[in-house]
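Q: Please give me a close look at a single part of this structure. I'd like to know what sits where and what touches what, in plain words.

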Amino acid sequence: MPAPDFEPSGVWEYGLGIARHELPCGGHAWGHGGDIQGFETRNLSTTDGRSAVVAVTALPTGPEMMEAVTATVDAALCGTGR
């Protein structure tokens with residue numbers, strides 16, 4: 001299902017506990033993340049076998065920080081470095 005407020009970038013879909021994220025390099029990745037006091041995680045993989053796990057030891061407090069986490073996942077899955 002479209003999930004425009006899931007993340008500030010607005011390129012996510014969500015349903016049944018799994019998120020679909022459009023990648024800037026084309027295609028998409030599936031996964032799930034979570035937040036708990038002081039931490040945020042993202043776990044995503046593509047249908048061709050690429051995967052990324054990002055753990056941040058500071059809970060993002062605003063859209064810019066959330067976008068930075070998404071940009072890190074995108075860089076890992078798209079091979080763009082960061």
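A: Let's start with the naming: helices (H or I, at least four residues) and strands (E, at least two) are runs assigned by DSSP, and they are numbered from the N terminus. Bear in mind that this is a predicted model, where local features need pLDDT of at least 70 and side-chain atom pairs count only at pLDDT 80 or more, while totals for chains, interfaces and linings use all residues. Residues are numbered from 1 along each chain as its sequence is written, and side-chain values use heavy atoms, with hydrogens and water left out.

The part we'll look at runs from strand E2 to strand E5. A good place to begin is glycine 26, which lies in the loop between E2 and E3. In the hairpin that these two strands make, five residues sit between the strands, and glycine 26 takes a positive phi near 105 degrees. Glycine 26 counts as partly exposed because its relative accessibility is 36%; that label covers the range between buried (under 20% relative accessible area) and exposed (over 50%), worked out with a 1.4 Å probe on protein chains only. Now look across to cysteine 78: it is 52 residues away from glycine 26 in sequence, yet the two C-alpha atoms are 8.5 Å apart in space.

Next, the strands on either side of that loop. Two strands pair if DSSP finds at least two bridges between them. E2 and E3 (residues 28-36) have four bridges and pair in the antiparallel sense. Within this pairing, alanine 19 stands opposite glycine 31 in E3.

Zoom in on E2 (residues 18-22), where you'll find arginine 20. Arginine 20 is buried, because its relative accessible area is 18%. Its side chain makes two polar contacts worth finding (a polar contact is a pair of N or O atoms within 3.5 Å; within protein, one must be able to donate a hydrogen and the other to accept it, and residues adjacent in sequence count only if both atoms are side-chain atoms). One goes to the side chain of glutamate 22, at 2.5 Å. The other goes to the side chain of histidine 28, at 3.0 Å. Leaving out residues up to four places away in sequence, arginine 20 touches Val11, Trp12, Glu13, His28, Ala29 and Trp30, where touching means heavy atoms within 4.5 Å.

Histidine 21 is also found in strand E2. Histidine 21 counts as buried because its relative accessible area is 1%. Again not counting residues up to four places away in sequence, histidine 21 touches Val11, Trp12, Gly27, His28, Ala29, Leu44, Thr70 and Asp74.

Cross over to E3 and find alanine 29. At 0% relative accessibility, alanine 29 is buried. Among the residues that alanine 29 touches, not counting those up to four places away in sequence, are Ala19, Arg20 and His21, plus Leu44, Ser45 and Thr46. Valine 11 is 18 residues from alanine 29 along the chain, and their C-alpha atoms are separated by 11 Å.

Keep following the chain. E3 is joined to strand E4 (residues 39-45) by seven bridges, and the two run antiparallel. Here isoleucine 36 stands opposite phenylalanine 39 in E4. The hairpin of E3 and E4 has two residues between the strands, and in it glycine 38 takes a positive phi near 90 degrees.

Then comes one more hairpin. E4 and strand E5 (residues 51-56) pair in the antiparallel sense over six bridges. This hairpin has five residues between the strands, with glycine 49 taking a positive phi near 100 degrees. Across the pairing, leucine 44 stands opposite alanine 52 in E5. You've already met that leucine: Leu44 is one of the residues that histidine 21 touches, and alanine 29 touches it too.

Let's finish with alanine 52, which lies in strand E5. Alanine 52 counts as buried because its relative accessible area is 8%. It touches Arg42, Asn43, Leu44, Ala76 and Leu77, with residues up to four places away in sequence not counted. As for aspartate 74, it is 22 residues from alanine 52 along the chain, and 8.8 Å separates their C-alpha atoms. Asp74 is also among the residues that histidine 21 touches, which takes us back to E2, where histidine 21 is found.
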